[in-house]
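These are my notebook entries on a single chain and its ligand. I looked up one point at a time and wrote down what I found.

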Amino acid sequence: MASDLVQIANDSEIKKRLEAERIRLRKIAGLDPPHHFHRPVERAFTAEERSRVTILFGGFTWKHEDLIRAVFEGCGYRCEKLPVPDVPAFQIGKEFGNNGQCNPTYFTVGNLVQYLQVLEKQGLSRQEILDNYVFFTAGSCGPCRFGMYEAEYRFALKNAGFDGFRVLLFKDSDGIKAESGEPGLKFTVDFGFGMLNALHLGDVINDLIYQIRPFEVTKGDTDRVFHETVEGLCEDLKNRKSFEIEKCAPNWAKPKFKSNKILRYTFNAFGKWYEHMWGQDYLNALRTAREKLNSIEVDRTRVKPVVKITGEFWAQLTEGDGNFHMFEFLEREGAQVLVEPICTWAAYLMYQAKANAIAKWPVNRPHAHPKWHEAKKHFANYIGLRKKLWAIGAGERTFNFFYNRTIRHLGEIAHPLVPQTELAELAHPFYNQFARGGEGHLEVGKNVYYTIHKRCHMVLALKPFGCMPSSQSDGVQSAVINKFKDMIFLPIETSGEGEVNAHSRVQMALGEAKVKARAEFDQCLKSTGKSLEQIRRYIDEHLELKRPFYHVPHREGIAGTAAQFILHVSDRINRDRRFSKGTRVTGVAIPAASGD
Ligand code: SF4
């Protein structure tokens, strides 16, 4: 004992013992030798494999997915979409994934594993699956769990026995430029513009379906016609001839294009752009689609509350168990659903890139503290930022232009993208626009936007269980509701279970929205001084009013489709002498129609 004390009192012995203990504890904690995580090196997806390997993808609506698949196939890839994630997929995700993930992670990761398991049951060996399939998905650097998706896919695939299955990534921070590093999947001009068209078409068609179906006269017409139409558009995207300057140029110029790579590339890039956007093939396909869709008969005098869907990216998009089949449920309950386009998210990324460039410029500018007489440096500081903003601004304008063009060619009733500046300004008093993750300030901004512009009767936010950014928004929304007293806002947490509870909460809020929609309609009808029968009689005699693409000018301050419609029909009756004869027009003020 005494000798022990002597030894411990000795400084060098204390250090020795401390070191020994440190080594022991580090070993127990698995820290010795230090083991840093490295992204696993994956087998490349090579160009030679293109004819044999199938690219899997999923996570959107069936319209987006069919169109995206057509573009993949048109560019020479084998491609298959995954089924809509369901509860068994969610359970598989939980079984093989990490604990504490958000709900969409479990659904999407489990969905991929489930699909591979089905392939295995159909007789493919694991090696065949690893060799003949790859998965293509979006990735991010965070800050929410979106940044962990890639790792989650790999982890769950490994746990499920598919170690080595290839996951190709498209990052939101890098955009379409992001080469996956795999020469098997190349982002060519044709591929890029094809995907842009597919995205815009998918969004506009999705919007149209939810605008038309609640008012269809013959049940099932909308789904049938839209399926046929999407098939036709897919054929066009898939079989479109690619523009090649070497083929189109006059004979005397062909050798020049053959020998000069830069010249060939430049002409091809512009030619392909033109062909994708204004080519007769594409415009004819849109014309055929519009005529087909316009054949659906609608009755827009049905009074329905308009429910705007917001929330987390995936939860507000999926049409299955991932959000309790919410859109189907709402329509069954008599509502008209206002869906959110994916393009809002793309527009948000561009807007944020601009805002971040401005905010960070004092740090990033090339000359930190130029003296007052150093004009060159001041100019460099000025032009450096402007160049960035002009480039992103040009991207934004082009993106919006083509989105609006798709709307114009497909009946002109789909909603344009909401201005990002306004969303940021409306949200900013409640939610800092630089707080990143998930939908950022969009959830709050949209809630305020749709309420103050009276574009809906109720806002339903679909928030996945375990979603960090949505929880932040939720906290803020109570302050928002306090400020906008007539707002009907309902956040619903989506998870793999609890569907009945969620539906019953929506039903209660929807009851209020129905009352609001009915009161608005009654007031509008009263303001026309006509009876509903009179209006319906007029509609029966003017069949163009039963077509979905008949344009009803928007009146500010009125959310309901039926209310907007009867006001417009009433205006037409008033203008039409034959009908206005004998019709009493009251002096009740109604908002004027824009562009009527
Ligand atoms: S936004 Fe929410 S639900 Fe979506 S990935 Fe991030 S944490 Fe998950």
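Entry 1, a glutamine. I asked whether Gln-420 is buried or exposed. Its relative accessibility is 7%, and because buried means under 20%, Gln-420 counts as buried. I note here that the model is a predicted one. I then placed Gln-420 in helix α17, which covers residues 420-427. Leaving aside residues up to four places away in sequence, I found that Gln-420 touches Thr-344, Ala-347, Tyr-348, Tyr-351 and Leu-442. With Thr-344 I looked further: a polar atom of the Gln-420 side chain lies 3.3 Å from the backbone oxygen of Thr-344.

Entry 2, backbone angles. I turned to phi, since most residues other than glycine have a negative value. Phe-324, which is not a glycine, has a positive phi of about 60°. I located Phe-324 in the loop between β5 (306-311) and α14 (326-332). With a relative accessible area of 2%, Phe-324 is buried. I recorded a second case at Glu-412, where phi is positive and near 65°. Glu-412 belongs to the loop between α16 (375-409) and α17.

Entry 3, aromatic pairs. How many aromatic pairs are there? I obtained a count of 25. I examined the pair of Tyr-77 and Phe-191, which is edge-to-face, with 6.2 Å from centre to centre and 75° between the planes. This pair links distant parts of the chain, 114 residues apart. Tyr-77 is in the loop between α3 (62-74) and β2 (78-81), whereas Phe-191 is in helix α8 (residues 189-212). Tyr-77 counts as buried at 6% relative accessibility, and Phe-191 counts as buried at 1%.

I next examined Phe-401 and Phe-402. Their ring centres are 5.1 Å apart and their planes meet at 75°, so I entered the pair as edge-to-face. Is Phe-401 buried or partly exposed? At 38% relative accessibility, Phe-401 counts as partly exposed, while Phe-402 is buried with a relative accessible area of 2%. I followed the ring pairs onward and found that they link Phe-401 and Phe-402 with Phe-193, Phe-270, Trp-273, Tyr-274 and Trp-278 into a cluster.

Entry 4, charges over rings. Which residue lies over the face of Trp-278? I found Arg-405 there, at 6.0 Å from the ring centre. I also noted Arg-213 over the face of Tyr-210, at 5.0 Å from the ring centre.

Entry 5, the ligand. I listed the residues around the ligand and classed them. The shell has nine nonpolar, one polar and two charged residues. Among the residues around the ligand are Cys-102, Cys-144 and Cys-467, as well as Pro-104, Pro-464 and Pro-469. I also listed Phe-146, Tyr-149 and Met-468 there. Arg-145, Glu-312 and Gly-438 are further residues around the ligand.

Entry 6, the whole chain. I closed with totals. The chain has 23 helices and eight strands, and 48% of its 596 residues count as buried. Its C-alpha atoms fill a box of roughly 115 × 80 × 75 Å along the principal axes. Of the contacts between residues at least 6 apart in sequence, I noted that 77% join residues at least 24 apart.

Definitions and conventions
Residues numbered from 1 in each chain as written. Predicted model: local features only at pLDDT ≥ 70, side-chain atom pairs only at ≥ 80, totals over all residues. Heavy atoms only, no water. Near = heavy atom within 4 Å. Nonpolar A, V, L, I, M, F, W, Y, C, P; charged D, E, K, R; others polar. Phe/Tyr/Trp six-rings, centres within 6.5 Å; stacked < 30°, edge-to-face > 60°. Helix = DSSP H or I, 4+ residues; strand = E, 2+ residues; numbered from the N terminus. Buried < 20%, exposed > 50% of the residue type's maximum accessible area, 1.4 Å probe, protein only. Lys NZ or Arg CZ within 6 Å of the ring centre and 35° of its normal. Polar contact = N/O pair within 3.5 Å; in protein donor to acceptor, adjacent residues only side chain to side chain. Contact = heavy atoms within 4.5 Å.
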